[in-house]
Amino acid sequence: MVNAAGKFGPYTGWDTRVLAGRGPTGAELVRSRIALRVRLGSVAPGDRLPDAGVLAEELGISEITVRRALEAMCQDGLLDRRRGRAGGTFVATDWDAVVAVMYDAEEAAALDAFHLLLECGLVAHAAGELTGELPGELPGGPLDGPLDGLRALVQEMDLTDDPAQLLELETRFHLDLAQALGGAGIREFAADLLGRQCLLGPAPAPAHVRARNRCHADLLDELARGAMDPAVRAVKAHRHAGPR
Ligand SMILES: [Zn+2]
């Protein structure tokens, strides 16, 4: 789980340092993974985080690195340390407001562009290998396999009225897409990107996320048909999708 430098997470198959120039440092990993957990609703503002030792084991980095990263996040106002019997490290109750102040348009745009490249590459990489249908069978049939879970997410997004759940499902879609097209190591890599994005400014408005969900549906249809160019177009359209 922990490499010689004790710096990188429990990645398998892919060395993310090759993909991104370098992998995240331990502190960046802690930040991005906590941000991702808040986005995915596994911890909420005001909730107590697991102990540093537990986080260290989950992330495959040293406990001292986790403690330092948590301390830095406390100083930034993202986390809140409370002493005493009911003490521990908590997600700040005003998490969203603190994140909104951290807005960095340039870094957000760079990460967004990189994520787009990753997904275009994954679509090309997986083109023609995901269909699973027998000849004559309609897309979405019983052998559709890796895309079924993604279709279910698109449907859930269409049905929810809760903005937080909409954002959670939007993020989950892209994590699961990375997994379906690239495997577990690429999911970890996408988690790094998406977690960092969560900290660079306010989340997209519900109307934008709904518009993006149409691109998700188009993408899955094209992937099921094995149509690479239209699938790549759907990935690109997602980036600019907005309410019309
Ligand atoms: Zn999306």
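Me: Where does Pro-50 lie?

Reply: Pro-50 sits in the loop between α2 and α3. Keep in mind that this is a predicted model.

Me: Is Pro-50 buried, exposed or partly exposed?

Reply: The class follows from the relative accessible area. Buried means under 20%, exposed over 50%, and partly exposed lies in between. Pro-50 has a relative accessible area of 27%, so it is partly exposed.

Me: What does Pro-50 touch, not counting residues up to four places away in sequence?

Reply: Pro-50 touches Arg-37 and Leu-55. There is also a C-alpha distance to read. Pro-50 and Gly-88 are 38 residues apart along the chain, and their C-alpha atoms are separated by 8.5 Å.

Me: How do I read the packing of α2 and α3?

Reply: Two packed helices are described by the angle between their axes and the distance between the axes. Here the axes of helix α2 (residues 26-39) and helix α3 (residues 52-59) come within 11 Å. They cross at roughly 95 degrees. That makes α2 roughly perpendicular to α3.

Me: Which residues meet there?

Reply: From α2 come Leu-29, Val-30, Arg-33 and Arg-37. From α3 come Leu-55, Glu-58 and Leu-59. Arg-37 and Leu-55 are also the residues that Pro-50 touches.

Me: What comes after α3?

Reply: A loop between α3 and α4 (63-75), where Ile-61 is found. Ile-61 has 5% relative accessibility, so it counts as buried. The C-alpha atoms of Ile-61 and Val-30 are separated by 9.1 Å, with their positions 31 residues apart along the chain.

Me: How many helices and strands does the chain have?

Reply: Eleven helices and two strands. Along the sequence the pattern reads α-α-α-α-β-β-α-α-α-α-α-α-α.

Me: What share of the residues is buried?

Reply: Of the 244 residues of the chain, 45% count as buried. The chain exposes about 12300 Å². Carbon and sulfur atoms supply 54% of that area.

Me: How do I read contact range?

Reply: Take the contacts with a separation of 6 or more. Residues 24 or more positions apart account for 65% of them.

Me: Which protein donors does the zinc ion have?

Reply: Glu-170 is listed twice through OE. His-174, His-216 and His-238 each give NE2. These donors lie 2.0 to 2.4 Å from the zinc ion. In sequence the donor residues are spaced E-x3-H-x41-H-x21-H.

Me: Which helices hold Glu-170 and His-238?

Reply: Glu-170 is in helix α8 (residues 163-182), and His-238 is in helix α11 (residues 228-240). The pair is 68 residues apart and links distant parts of the chain. Glu-170 is buried, and so is His-238.

Me: What does Arg-212 touch, leaving out residues up to four places away in sequence?

Reply: Arg-212 touches Glu-170, Pro-204, His-238 and Ala-241. Two of these names, Glu-170 and His-238, also appear among the zinc donors. Arg-212 lies in helix α10 (residues 206-225). Its relative accessible area is 19%, so Arg-212 is buried.

Me: Where is the place of Pro-204?

Reply: Pro-204 is in the loop between α9 (184-198) and α10. With a relative accessible area of 27%, Pro-204 is partly exposed. Leaving aside neighbours within four places in sequence, Pro-204 is in contact with Leu-167, Val-209 and Arg-212. Pro-204 and Pro-163 are 41 residues apart in sequence and 9.8 Å apart in space, C-alpha to C-alpha.

Me: And Gly-149: buried, exposed or partly exposed?

Reply: Gly-149 has 43% relative accessibility, so it counts as partly exposed. Gly-149 lies in helix α7 (residues 148-159). The C-alpha atoms of Gly-149 and Phe-173 are separated by 8.9 Å, and the two are 24 residues apart along the chain.

Me: What is the average pLDDT of the chain?

Reply: The chain averages a pLDDT of 86, and 84% of the residues score at least 70. Among the elements, strand β2 (residues 88-91) has the highest mean pLDDT, 97. Helix α1 (residues 16-20) has the lowest, 48.

Me: Where does pLDDT stay under 50?

Reply: Over residues 1-18, for which the model has 43 contacts beyond four places in sequence. Over residues 132-137 the pLDDT is below 50 too. That stretch has nine contacts in the model beyond near neighbours in sequence.

Note on methods. Residues numbered from 1 in each chain as written. Predicted model: local features only at pLDDT ≥ 70, side-chain atom pairs only at ≥ 80, totals over all residues. Heavy atoms only, no water. Helix = DSSP H or I, 4+ residues; strand = E, 2+ residues; numbered from the N terminus. Buried < 20%, exposed > 50% of the residue type's maximum accessible area, 1.4 Å probe, protein only. Contact = heavy atoms within 4.5 Å. pLDDT = per-residue confidence, 0-100. Donors = N, O, S within 2.8 Å, 3.2 Å for Na, K, Ca; no water. Areas by Shrake-Rupley, 256 points an atom, 1.4 Å probe, with all protein chains shown as cover. Axes fitted to C-alpha atoms, helices over the stretch in contact; angles between N-to-C directions. Parallel < 35°, antiparallel > 145°, perpendicular 65-115°, else oblique.
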